[in-house]
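The following exercises are to be solved with the sequence and the model at hand. Each task is followed by a solution in steps.

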Amino acid sequence: MPFTLIPFLLLVVPILEITVFILVGQWIGLGWTLALVVLSAVSGTILLRRQGFSTLARIRAETQAGRLPGRDLVHGMMIMVAGVLLLTPGFVTDAVGLLLFVPQVRERAWAFLRDRVTVVVAGQAAGARPTTHPGRPAHGPDVVDLSDEEFRRRSPDGSPWTAPGETPGNRTLH
């Protein structure tokens, strides 16, 4: 979305929301209008929790299987935006939020975004696949925990990488 469109939306969306509030309030009354606003916030919280946890579980499963969860990450982002829109008072934002909770709508949005979004894994070369090993998480280096007594490193004789005053062959790191 071009950044020039954002100020326009920040002006148009509140005016549209106020207009719809007035029209709905005239049609069904103030009490019912406020009840609908509260009901949409509560339903948004419930939907966000239910669909959010299931999406997190799918992301975790994909990551543990060594695959990039691109689709599920985008679905998770859309679910989060849907929850925020439903928590925001207004009928227009509620309608868009409810649409984003529908899996078929999210799938169509993903199909539109798929070729336009690049998922980058931090600490990994471009195009490389994540590696996993049984019993170890899919991220982080291999760690060997040694005590000071168990670990000593000696530089090879003639190494130029010795500290001043050290002699090659008896260097110990702490």
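**Exercise 1. The buried side of a helix**

Which residues of α4 are buried? State also what covers them.

*Solution.* The model under study is a predicted one.
Step 1. Locate the helix: α4 comprises residues 91–101.
Step 2. Apply the cut-off for burial, which is a relative accessible area under 20%. The residues of α4 that are buried are F91, T93, D94, G97, L100 and F101.
Step 3. Identify the cover. The elements lying over these buried residues include α1 (5–28), α2 (30–64), α3 (70–87) and α5 (103–113).

**Exercise 2. A buried charge**

Describe the surroundings of D94 and determine how far away the nearest side chain of opposite charge is.

*Solution.*
Step 1. D94 belongs to helix α4 and is buried.
Step 2. List the contacts, leaving aside residues up to four places away in sequence. D94 then touches S40, L85, L86 and T88.
Step 3. Search for a partner. Side chains of opposite charge can pair when their charged atoms come close. For D94 the nearest candidate is R106, at 15 Å. A salt bridge requires a nitrogen-to-oxygen distance within 4 Å, and D94 has no salt bridge.

**Exercise 3. The chain as a whole**

Summarise the secondary structure, the burial and the surface of the chain.

*Solution.*
Step 1. Count the elements: the chain has five helices and zero strands. In sequence order the pattern reads α-α-α-α-α.
Step 2. Consider burial. Of the 174 residues in the chain, 20% are buried.
Step 3. Consider the contacts with a separation of 6 or more. Residues 24 or more positions apart account for 51% of these contacts.
Step 4. Consider the surface. The accessible surface of the chain amounts to about 13,200 Å², and 67% of this area belongs to carbon and sulfur atoms.

**Exercise 4. Salt bridges and a network**

How many salt bridges are there? Examine the pairs formed by R67 and R71, and state which residues are joined into one network.

*Solution.*
Step 1. The count comes to four salt bridges.
Step 2. Take R67. The side chain of R67 meets that of E62 in a salt bridge, with a distance of 3.0 Å from N to O. R67 is partly exposed, at 41% relative accessible area, and E62 is likewise partly exposed, at 23%.
Step 3. Take R71 and D72. These side chains form a salt bridge of 3.2 Å, N to O. R71 is partly exposed, with a relative accessible area of 36%. D72 has a relative accessible area of 8% and therefore counts as buried.
Step 4. Describe D72 further. D72 is found in helix α3. Not counting residues up to four places away in sequence, D72 touches T55, R58, I59 and E62.
Step 5. Take R71 and E107. Their closest N and O atoms are 2.8 Å apart, and the pair is a salt bridge. Since R71 lies in helix α3 and E107 in helix α5, the pair ties together parts that are 36 residues apart in sequence. E107 is partly exposed, at 30% relative accessible area.
Step 6. Join the pairs. Salt bridges with shared partners link R58, R71, D72 and E107 into one network.

**Exercise 5. Two helices that cross**

At roughly what angle do the axes of α1 and α2 cross? Classify the arrangement and name residues at the contact.

*Solution.*
Step 1. The axes of α1 and α2 cross at roughly 125° and come within 7 Å.
Step 2. Classify the angle. The range from 65 to 115 degrees counts as roughly perpendicular, and over 145 as roughly antiparallel. An angle of roughly 125° therefore makes α1 oblique to α2.
Step 3. Name the residues. On α1, F21, V24, G25 and I28 take part; they meet L30, W32, T33, L36 and V37 on α2.

**Exercise 6. An aromatic residue**

Is F53 buried or exposed?

*Solution.*
Step 1. F53 lies in helix α2.
Step 2. The cut-off for exposed is over 50% relative accessible area. F53 has 51% relative accessibility and so counts as exposed.
Step 3. Relate F53 to G76, which is 23 residues apart from F53 along the chain. Their C-alpha atoms are separated by 9.3 Å.

Key
Residues are numbered from 1 along each chain as its sequence is written. This is a predicted model: local features need pLDDT of at least 70, side-chain atom pairs count only at pLDDT 80 or more; totals for chains, interfaces and linings use all residues. Side-chain values use heavy atoms; hydrogens and water are left out. Helices (H or I, at least four residues) and strands (E, at least two) are DSSP runs, numbered from the N terminus. Buried means under 20% relative accessible area, exposed over 50%, partly exposed in between (1.4 Å probe, protein chains only). Lys and Arg count as positive and Asp and Glu as negative; His and the chain ends are not counted. Contact means heavy atoms within 4.5 Å. Accessible areas come from the Shrake-Rupley method with a 1.4 Å probe; for residues, only the protein chains shown count as cover. Axes are lines fitted to C-alpha atoms, for helices over the stretch in contact, and angles run from 0 to 180 degrees between N-to-C directions. Angles under 35 degrees count as roughly parallel, over 145 as roughly antiparallel, 65 to 115 as roughly perpendicular and the rest as oblique.
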